[in-house]
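Hello,

Here is the structure I promised to pass on. Please have it open while you read my notes below.

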Amino acid sequence: MALFAMSGFTAAALFVAAPASADWTVDPSTGVGFVGKGDVQDAFGWNDHDLQANHEGVSFALTAKTTSTTTWSCFNSKNGKFQDREHVVLADTTGELLYEARTNPQNKVTRFLLTGLAEGSSSVTESDGPKLGSCPNGPWSFVEGSQDTTVTGGESALSVSFADQVQVLTHAAA
């Protein structure tokens, strides 16, 4: 397996908080997503006034593991046979997230836009298999419409911190 630092992983799924009232998503490979103000308020028991007063002191962190499996078919024009191919990427992301507080026209925070992993965070992948969408040399060609990507995850956690308090929103990826 090749090991390399991750600069982007478009096949990653978005993790979505399990509770119906939760309003957050994050791409586990890039740290990009958003957290609704209600999630932060619920985490600390804040009302809107508390959120507006304290929003600059919050921080977010992510721990996530995902597996992305991409399959596709190739066709051999000489013998009429198909070959199925597979590429697997394991991603492990840990670290603090950068964010911007988003406000409404009244300058009140409405959500937090997660803009990526902070310096010092790690996002590493292990990749195995042929290059995505590739076929063997010769009479082999990619079968249009055959590519399919499935992303599964293990434990993932998005946490929000304020002062000495850390509250974790967790779920297992589907």
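What follows is a short tour of confidence, the core and one buried threonine.

This is a predicted model, so local features need pLDDT of at least 70, side-chain atom pairs count only at pLDDT 80 or more, and totals for chains, interfaces and linings use all residues. Residues are numbered from 1 along each chain as its sequence is written, and side-chain values use heavy atoms, with hydrogens and water left out.

The average pLDDT (the predictor's confidence in each residue, from 0 to 100) is 83, and 82% of the residues score at least 70. Residues 1-21 have pLDDT below 50, though this stretch has 56 contacts (heavy atoms within 4.5 Å) beyond near neighbours in sequence.

The largest nonpolar core (buried Ala, Val, Leu, Ile, Met, Phe, Trp, Tyr and Cys residues joined through side-chain atoms within 4.5 Å) has 19 residues, and Val58 is among those with the most contacts inside it. Strand S5 (58-76) is one of the elements giving two or more residues to this core; its share, 4 residues, is the largest. Leaving aside neighbours within four places in sequence, the contacts of Val58 include Val40, Phe112 and Val160.

Thr70 also lies in strand S5 (strands are DSSP runs of E, at least two residues, numbered from the N terminus). Thr70 counts as buried because its relative accessibility is 3%, where buried means under 20% relative accessible area (1.4 Å probe, protein chains only). Its side chain makes a polar contact with the side chain of Thr149 at 3.0 Å; such a contact is a pair of N or O atoms within 3.5 Å, and within protein one must be able to donate a hydrogen and the other to accept it, while residues adjacent in sequence count only if both atoms are side-chain atoms.

Best wishes

Note on methods: Buried means under 20% relative accessible area, exposed over 50%, partly exposed in between (1.4 Å probe, protein chains only).
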